[in-house]
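Reader: Could you walk me through the contacts between the parts of this model?

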Amino acid sequence: MRKQALALVGASAILLSLVGCSGGTSGGSKATEISYAHWGNQAEADTIATMVKAFEKAHPSITVDDQWLQGDYEAQVRTAIAGGKAPTVFQVSDQSVRSFATSLQDVEVTPSAYYNDNAANTMKVSKAYKAVPFVAKPKVLLYNGKLLDAAGVPRPSADTPMTTEQFVDAAKKLTSGSGAKKVFGSAPLWFEGFLSVNKTGFFNQAGTKCLLDSTKVIDTAKMVISAQKADGYVPTPDEAQGQDMFQWLSTGRVAMQPDFGPWDIAKLAALGDPDINVAPDPGGGEPLEIDGLGITKDSKAAETKAATTFINFMSTSTQAQNLLTTKKSSLGVPVIEKSVESFKANAPDLNLAAFVTAVGQNASPVAVPNKGEILKSFWDTANAKTGLGSGSDDPATVFPTLQSGCQSSLDKLIKSEK
Amino acid sequence: MSVQVILLIAGSFVFIYPFLWMISTSLRTPAGIASSGIGLWPVQWAFENFVQALTAFPFWSYLGSTLLTTLIPVVTMVVMSSVAGFAFARIPIGRAGSILFGVVLATMLLPSEVTLVPQFILFRQFNMIDTLYPIILPTLFGGPFFIFLFRQFYLRLPLSLTDAALLDGAGWFRIWFSIYLPLSRPVIVAAAVIQFMSSWNNFIGPSIYLHSDTWKTLPLALAGFTSTHGTDTGLLMAASIVVVFPCLLIFFLAQRHIVGGLSFTGSK
Amino acid sequence: MGDIIAAINAALTAIGIPEELDAILSFTIPAAVVFALFYVALAILAKKGRMTRSTAAFWGFIFPWIFGFLVFTAGPMVYSLGLSFFDWDLVSAPTFVGFGNYVTAAQDPYVGKALQVTLLFAVVSVPLQVVLSLAVAMLMNVKVKGINIFRTIWYLPSLVTGVAQVALFLWVFNPKYGLVNGVLGFFGIDGPSWFRDPNWALPAVILMSLWTVGGNMVIYLAGLQDVPAELHEAAQLDGAGQFRRFWNVTLPQLSPVIFFNVVTGLIGALQTFTQGYIIQAALQTGSGTGSSGTALLFFVLYLYQNAFNYFHMGYASALAWILFVMIMLLTLLVFRGSSFWVYYESARPARKDRVRRVRTR
């Protein structure tokens with residue numbers, strides 16, 4: 001029996017020593033260590049890694065643990081916060097900053113530092129800034145000029161957005177062929193994206209009402225459904241599943257991609273094809289996403305100080321902002337004026353100015369608490385019953401039935417926010 | 001006889017095909033996948049898929065974490081279950097023993113998900129979120145299925161072993177350690193393999209507790225891979241093979257013992 | 001309990017132990033204390049003669065399991081029962097809601113859907129698995145040279161489990177480029193969208209679960225080989241054909257193994273999580289219109305979402321207990337039914353009559 005106890009002690013000793021060996025967080029070195037969590041694909045993660053290195057070089061007394069969270073980012077951050085292991089700094093989007101507001105500290109933001117009011121405004125939650133704007137991710141229209149020329153469709157203007165009708169007409173004209181050789185006018189239409197294009201959204205401007213039964217929302221749904229039918233001008237969900245639309249466009253299977261984001265700029269520049277270029281999105285443009293960096297509420301004083309230095313560096317210094325898009329990798333459009341030129345200079349042949357204009361013109365959808373939870377039953381039913389997913393019912397009959405559920409969810413969450 | 005053989009061959013081919021197709025796909029480029037359809041050939045020998053799979057994320061760190069969460073439970077589960085199984089099988093205890101064993105059996109039927117939320121809250125109290133402890137600690141004390149396996153196995157060993165040792169004045173621990181444990185090879189191997197597979201592929205635990213790269217395990221990384229690199233199927237297949245490979249290795253090394261150890265699962 | 005942990009942590013830092021070890025030590029030290037107390041008590045009782053050496057040894061051997069059971073299973077279960085009567089999001093204070101969570105669950109359409117999906121999956125896939133693995137085991141039960149190759153071939157896929165298996169089958173069932181629809185295309189059938197189609201998502205997951213029958217096949221193979229040859233010979237002498245032999249000799253001999261596998265299979269199937277989680281996540285990437293909706297809303301997945309996506313801890317605990325009761329009921333059903341078809345060689349006196357009845361059928 002003594003031996004058993006000894007064995008148990010031995011096992012725990014081994015466990016302890018393993019913890020000591022690996023992991024290697026410094027127990028008593030001079031540098032303050034903060035952790036920074038973010039999401040993104042490979043290109044975005046690489047960009048952020050470069051920016052973090054630039055920061056550490058400029059501030060040798062602070063080390064940043066760069067945590068690239070793959071999978072469900074928000075759930076992981078929430079669980080980390082709930083588990084008492086929140087990252088010191090974490091990235092939030094304009095849509096989610098309101099949901100995380102209770103876990104974030106107030107930060108100081110100077111709106112005049114940014115060339116666009118959108119940037120700072122989206123980071124405000126009931127009069128307090130909860131994050132500093134860090135990068136803008138507008139969407140633009142990517143097009144394959146050769147396909148347009150061949151179909152007799154005029155190339156889009158470099159600075160004026162076309163109307164939604166013009167876009168749909170062009171897409172229909174550009175669709176030709178069938179089966180494996182079919183050329184599509186456009187990549188799949190993102191429903192929420194086109195709500196913005198049509199200057200509406202799931203919720204009203206004040207964020208107090210669901211708009212599921214409004215004509216504009218239903219018409220957008222009908223538009224998306226007819227586009228992705230078997231004889232439509234975008235690939236069906238089956239055809240598009242697991243496929244890379246950027247690759248399809250560059251190889252001439254798709255003529256336009258209205259949800260092209262700045263994280264693919266480096267890939268686009270690497271193509272080196274002057275006929276593949278970008279132009280402003282049709283209509284009101286797809287939603288403008290602004291990401292910010294927030295500091296967790298329960299951080300210790302030393303870490304908060306280091307974190308503040310970090311987020312200000314990332315948000316307002318040209319050293320960081322210039323790195324947001326380089327020839328090697330890209331994340332988004334800078335939010336400070338001084339970096340705009342360096343952004344455009346990455347690919348002088350491409351109309352990158354369209355991204356910058358989009359930051360000014362496109363709107364961010366209103367932020368509501370826990371959007372995912374509110375819209376969950378909407379999406380489940382819409383996907384099951386209408387052509388947005390695998391059903392065939394008319395959205396005009398289905399959507400109004402979902403309005404009251406959405407509204408009561410929204411009301412409940414707004415109430416519990418107080 | 002020959003109908004049986006034909007069925008066997010045909011069935012085996014159909015059954016193994018997805019496995020072979022996985023290997024084929026992992027060696028193809030995206031262009032190759034788009035044009036290859038469902039055949040096993042052609043293959044572009046795109047070994048860069050494997051290279052990328054191993055370098056796109058901190059593979060060795062993930063491998064280390066996965067090894068920790070697998071090897072430690074394998075050892076502790078087997079040893080502790082053997083100890084408990086031996087006690088139930090050989091130490092005369094009367095009614096209390098049978099009642100307790102009934103509890104063990106009942107525990108075997110317990111879905112682990114009932115303890116999901118409270119264990120999270122428990123480990124949060126100890127500040128163990130984002131570490132490997134929540135995944136390893138529960139396995140340090142033995143598990144009902146293995147206790148059952150060991151007990152059944154020990155019940156079949158001749159009673160004379162224990163009697164002779166007791167007459168010689170040996171203590172119970174001595175008996176277990178020097179006599180029964182060495183004889184338990186088949187069950188040890190079977191239990192070790194089962195626990196290895198279960199721990200290696202454990203997904204729900206890591207998905208709740210692990211977030212930062214420091215402690216992530218391979219299955220968790222693969223899941224993240226699926227969402228960030230979902231469009232490159234060849235890469236995805238290569239990553240899947242990489243994650244599954246150690247299980248294949250263990251199987252080939254322990255083949256003979258698996259069947260032997262598992263044949264005690266019917267109460268005869 | 002939080003205060004004890006905090007006190008331990010403070011003491012540890014005072015001695016100068018690095019912070020990273022705080023977590024594990026605040027667990028190990030109390031645990032070690034408990035163990036020490038128990039073993040010392042045992043030793044004293046044994047020395048004083050109030051307990052035989054055997055009894056003390058028994059409790060000493062069993063104690064680790066008891067400790068683990070209490071700390072990680074029984075304790076949490078009781079706690080979760082209590083928690084199910086509260087509303088708690090981990091950050092604010094818990095509010096007492098009585099049976100409110102259970103009432104909500106009864107009215108929650110997602111709960112009904114989750115139960116439906118999970119039960120359907122369990123009730124369909126487990127029998128199919130049993131039949132398939134038994135059939136394959138019988139095919140394999142020939143002493144032909146090289147039969148081991150086939151056994152390996154059938155066992156190999158069961159090693160591809162978890163996330164890797166789901167990733168593979170997402171590709172195999174891909175509506176446009178996947179294996180299944182490609183083969184169906186050969187026969188001129190236009191395959192469905194599988195995981196994307198609410199009607200075909202669950203069948204796809206069931207088919208996926210059949211791929212790992214190799215594990216059970218091995219067990220049945222061992223069981224088949226354990227059937228005493230004399231029984232088969234005796235039956236043959238009595239003029240029984242192959243089918244009668246299977247039905248009256250092989251099956252009853254195998255029934256304990258089958259029973260065991262059915263029970264563990266059911267319990268495992270009712271706890272399905274990984275498949276639902278990964279497939280939903282995989283279908284959501286892209287233009288945001290994809291998901292199988294609620295077709296793969298397994299009960300544990302819904303529990304997970306409530307606990308770790310929405311942080312309704314009390315509600316999730318209530319769901320967990322509902323799942324637990326459901327599993328217990330189902331298991332009880334299977335156990336009750338087992339006395340009719342499971343045949344035990346070592347019959348206890350009370351069962352003798354039932355056994356005799358089965359044997360002479």
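Author: Happily, and let us start with a term: a salt bridge is a side-chain nitrogen of Lys or Arg within 4 Å of a carboxyl oxygen of Asp or Glu. This is a predicted model, in which local features need pLDDT of at least 70 and side-chain atom pairs count only at pLDDT 80 or more, while totals for chains, interfaces and linings use all residues. Residues are numbered from 1 along each chain as its sequence is written, chains are lettered from A and ligands numbered from 1 in the order in which they are written, and side-chain values use heavy atoms, with hydrogens and water left out.

Reader: How many salt bridges are there between domain 1 of chain A and domain 2 of chain A?

Author: The bounds, from an automatic or database domain assignment, are 29–136 + 290–361 for domain 1 of chain A and 140–287 + 366–417 for domain 2 of chain A. Contact (heavy atoms within 4.5 Å) involves 27 residues of domain 1 of chain A and 25 residues of domain 2 of chain A. For salt bridges between domain 1 of chain A and domain 2 of chain A, the count is zero.

Reader: Which three residues supply 34% of the area that domain 1 of chain A buries against domain 2 of chain A?

Author: Buried area is the accessible area (1.4 Å probe) that two parts lose on being put together, summed over both. Domain 1 of chain A and domain 2 of chain A bury about 1,900 Å² between them, with 56% of it on carbon and sulfur atoms. The three residues that supply 34% of the area on the domain 1 side, more than any other three, are A:Q95, A:R98 and A:F355.

Reader: How many residue pairs are in polar contact across the interface of chain B and chain C?

Author: A polar contact is a pair of N or O atoms within 3.5 Å; within protein, one must be able to donate a hydrogen and the other to accept it, and residues adjacent in sequence count only if both atoms are side-chain atoms. Chain B brings 94 residues to the contact and chain C brings 99 residues. Between chain B and chain C, about 8,600 Å² is buried, 82% of it on carbon and sulfur atoms. With both residues at pLDDT 80 or more, the number of pairs in polar contact across this interface is six.
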